[in-house]
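Please work through the exercises below with the sequence and the coordinates open beside you, and try each task before reading its solution.

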Amino acid sequence: MHTEHVETVIIGGGQAGLAMSHHLRQLGQEHVMLERGRVAERWREHWDSLCFQGPNWNVRLPGFALQTDQPDAYATRDDIVRFIESYAGFINAPLRCGVTVNSLRQGPDSKQLVLETSAGRLHAKNVIVATGPFQKPAAPTPIESRAWQLHSSEYRNPDLLPSGAVLVIGSGNSGCQIAEELCAAGRRVYLSVSSYQGTPRRYRGKDCVWWLWNLGDVESTVDQRRPSRLMSGVGGGHDLDPRRLAADGVVLLGRVLGGVDGKLAIDSDLSEKLARGDDYAVNLMRRADDYATRHGLDLPAHNGCIAQLPEPKEVANPLFTLDLHAAGVTSIIWANGFRHDFNWIDLPVFADAGLSNRAPVQRRGITSVRGLYFVGLHWMHKFKSAFLAGVGEDAEHLAAHIAGDRG
């Protein structure tokens, strides 16, 4: 078998891996990048109508920003793919696409890491795992039903679903955006609401992303972790919130507890989750007002917000059961997130979370195994750790650590 010796290997050709490559090159560090598919493969796997959640002025990677004459617009999925492809060319990334890493283990002398790949074996002093925050769809809790069940990562557009009503389970960004699109396409939609942070798309003339950066929320560390913030760039950007979806005709539900023969039991937690989501929105706006006052900003007054929408009828008359057949539900979309997929790594750096969701134990990407690093994970160090505009900070930190480790 062909064996190659390299200084550093980056696994993953998305935004995290490319940011890592940029900073290693800046410090003169030899490295190669292995990508199982194409550059930005994860972005290519999203549904057709996806738009970037932040404005175009926030589409940037270290040393490179999106060139646009519409800084306040929102890039499409394909725009982001092209941007990341352009960045790979801009930094002249040493990419090897179509190479799958099958296993990673310690070398016999404990000074090298060994990668078994579809293109042969590599020995490396350093390996940086940059496979992204969304690796493997979370396994759904089985529901006995004749309805077609799929994960949100498999959804592409309404036309590919069977005719009939749709149940969406999970109200993060994916769940809410899919529910919104289906409702606009004339589908009857039921949405099982999970925990979220209500977030106005714009407040006092500024995009919510502007507020998150200026208020310092993106710098929140992992010990300050909160539920996901809801935001959408579709249609020029607008408020995305279960209450607004309800006003448009989506039927809101509490958590799905399970069911038999297509008859689901529904939790009574809907009102509580909506109230908590509202509290997050109100708190953000109050902090924004305080910031504007402290800095003497001349900003327009606000003109209403998601937290001021009328109470959905589902709160006053909630459903505690849902008969899928009687409701005409022919599709169930599980928008219940993703899990880690690190079963190919045979090294002692994981918390005991089961084989299906082994989380690496790391501190800002550095593990207890010398030479093994992670970058680009969700909440790896800060809220912004997996962001296009935020991953570079962690990558720069790791590059400096690697360059300084000459032992």
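The exercises that follow concern a predicted model, and they go from the whole chain to a single residue.

**Exercise 1.** Determine how many helices and strands the protein chain has, and judge its compactness from the radius of gyration.

*Solution.* Begin with the secondary structure, where the protein chain shows nine helices and 22 strands. Next, set the radius of gyration, 23 Å, beside the 22 Å that the globule rule gives for 407 residues; the two values are close, so the chain is as compact as a globular protein of that length. Finally, for the extent along the principal axes, the C-alpha trace spans about 65 × 60 × 35 Å.

**Exercise 2.** Describe burial, contacts and charge for the protein chain as a whole.

*Solution.* First, of the 407 residues, 51% count as buried. Then take the contacts with a separation of 6 or more, of which 68% are between residues 24 or more positions apart. The accessible surface comes to about 18,200 Å², and carbon and sulfur atoms make up 49% of that surface. Lastly, the chain carries 43 positive and 45 negative charges, whose mean positions lie 3 Å apart.

**Exercise 3.** Is Leu215 buried or exposed, and which residues does Leu215 touch?

*Solution.* Locate Leu215 first, in the loop between helix 5 (208–214) and helix 6 (242–247). Its relative accessible area is 18%, and because buried means under 20%, Leu215 counts as buried. Leaving aside residues up to four places away in sequence, Leu215 touches Leu284, Arg287, Ala288 and Tyr291. As a last step, compare Gly12, 203 residues from Leu215 along the chain, where the C-alpha atoms of the two are separated by 32 Å.

Conventions. Residues are numbered from 1 along each chain as its sequence is written. This is a predicted model: local features need pLDDT of at least 70, side-chain atom pairs count only at pLDDT 80 or more; totals for chains, interfaces and linings use all residues. Side-chain values use heavy atoms; hydrogens and water are left out. Helices (H or I, at least four residues) and strands (E, at least two) are DSSP runs, numbered from the N terminus. The radius of gyration is taken over C-alpha atoms; the globule rule is 2.2 Å times the number of residues to the power 0.38. Buried means under 20% relative accessible area, exposed over 50%, partly exposed in between (1.4 Å probe, protein chains only). Contact means heavy atoms within 4.5 Å. Accessible areas come from the Shrake-Rupley method with a 1.4 Å probe; for residues, only the protein chains shown count as cover. Lys and Arg count as positive and Asp and Glu as negative; His and the chain ends are not counted. The place of a charge is taken as NZ of Lys, CZ of Arg, CG of Asp or CD of Glu.
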